[in-house]
Amino acid sequence: MGRVSQAQAEENRRRVVDTASRLLRERGTQVSVADLMKAAGLTHGAFYKQFASKEALVAEATAQAFAELALRHTAGLEQHDGQRGAAQQALIDAYLSVGHRDAPADGCPVAALATDMAREDGGPEARRVYTEGAARFADFLATDDQDGTVRLCTLLGALLLSRATKGSPLSEEILASAHAALTSAD
């Protein structure tokens, strides 16, 4: 088999990072390199041509997940003509939805990776990227009346508890209660 072109190598790397970003949010950092590479459609051996370690990939995939989140914030602002409050309301509506609860692979990296980062399973660089991303999210959520960190904690806690109680009436009640708490001051 011939050598892979530089363009193909870059495409392969992008595919691995994109795949890892989704799988880490869905399954956590315990997902194996072999499973990541299989999901990306590449061989296990190709991993070591692209990344120094699994921790390096986790850090890059975490950064990718937060970049996607930032793009959603920007798109929300554009969709609402720069009206931050309207963009935040739309974000809260989507965040505290059954759809978001049921699709962690496409969802918020703050919620999906919280437990892994608390255990430092992704390594110190991933934890640094995670912390910076969570802080930016809290900044986006801040209003004149509500602290962004409090709002983030409410969103995160509600989503995690809702996922943990999925299949019971409590799950949707948690989402609705948190939504009411975050929007009652608006």
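In which helix is V150 found? This is a predicted model, and in it V150 belongs to helix 9. With a relative accessible area of 52%, V150 is exposed, because exposed here means over 50%. Take L113 as a second landmark: V150 and L113 sit 37 residues apart in sequence, and their C-alpha atoms are 19 Å apart in space.

L113 makes a handy place to start looking around. This leucine is found in helix 7, and at a relative accessibility of 2% it counts as buried, since the cut-off for buried is under 20%. What does L113 touch, leaving aside its neighbours within four places in sequence? The contacts are L24, R25, T62 and Y130. R27 is 86 residues away from L113 along the chain, yet the two C-alpha atoms are separated by 9.1 Å.

Now zoom out to the helix that holds L113. Helix 7 covers residues 109-118 and is mostly covered, with eight of its ten residues buried. Those buried residues are P109, V110, A111, A112, L113, A114, D116 and M117. So which helices do they pack against? The list is helix 1 (6-27), helix 4, helix 5, helix 8 (124-141) and helix 9 (148-164). Following helix 7 comes E120, with a positive phi near 60 degrees.

Positive phi is worth a pause. Most residues other than glycine have a negative phi. D81 also has a positive value, near 50 degrees, and is not a glycine. You'll find D81 in the loop between helix 4 and helix 5. Is D81 buried or exposed? It is exposed, with a relative accessible area of 69%.

From that loop, step on to helix 5 and see how it meets helix 10. Two packed helices are described by the angle between their axes and the distance between the axes. For helix 5 and helix 10 (residues 169-183), the angle is about 170 degrees and the axes are 10 Å apart. Angles over 145 degrees count as roughly antiparallel, so that is the label for helix 5 and helix 10. On the helix 5 side the residues involved are Q89, I92 and D93, and they meet H179, L182 and T183 of helix 10. Sorted by class, this contact has two nonpolar, three polar and one charged residues.

Helix 5 also has a part in the second largest pocket. Rolling a probe the size of a water molecule over the atoms shows where empty space is left. The second largest pocket holds about 260 Å³ of space. Its lining is made up of L69, R72, H73, G76, A87, A90, L91, A94, Y95, H100, C108 and F140. Which helices each supply at least two of the lining residues? They are helix 4 (54-79) and helix 5 (84-95). Helix 5 gives the most, with five residues. As for chemistry, the lining divides into eight nonpolar, three polar and one charged.

Next up is R101, in helix 6 (residues 98-101). Arginine or not, R101 counts as buried, at 8% relative accessibility. What surrounds R101, once neighbours within four places in sequence are left aside? R101 is in contact with L159, S162, R163, K166, S171, E172 and L175.

Compare that with two residues from the early part of the chain. D35 is found in helix 2 (residues 33-40), and its relative accessible area of 38% makes D35 partly exposed. Not counting residues up to four places away in sequence, D35 touches L23 and R27. Relative to our landmark L113, D35 is 78 residues away in sequence and 18 Å away in space, C-alpha to C-alpha.

The last stop is R3, which lies in the segment before helix 1. At 83% relative accessibility, R3 counts as exposed. How far apart are R3 and G28 in space? Their C-alpha atoms are 33 Å apart, with their positions 25 residues apart in sequence.

Conventions. Residues are numbered from 1 along each chain as its sequence is written. This is a predicted model: local features need pLDDT of at least 70, side-chain atom pairs count only at pLDDT 80 or more; totals for chains, interfaces and linings use all residues. Side-chain values use heavy atoms; hydrogens and water are left out. On a 1 Å grid over the protein atoms alone, a cavity is a set of points where a 1.4 Å probe fits but cannot get out, and a pocket is an open set with protein on both sides within 12 Å along at least five of seven lines; lining residues have an atom within 4 Å of a point. Grid points are joined across faces, edges and corners, and a volume is the space filled by probe spheres set on the points. Helices (H or I, at least four residues) and strands (E, at least two) are DSSP runs, numbered from the N terminus. Ala, Val, Leu, Ile, Met, Phe, Trp, Tyr, Cys and Pro count as nonpolar, Asp, Glu, Lys and Arg as charged, and the others, Gly among them, as polar. Axes are lines fitted to C-alpha atoms, for helices over the stretch in contact, and angles run from 0 to 180 degrees between N-to-C directions. Angles under 35 degrees count as roughly parallel, over 145 as roughly antiparallel, 65 to 115 as roughly perpendicular and the rest as oblique. Contact means heavy atoms within 4.5 Å. Buried means under 20% relative accessible area, exposed over 50%, partly exposed in between (1.4 Å probe, protein chains only).
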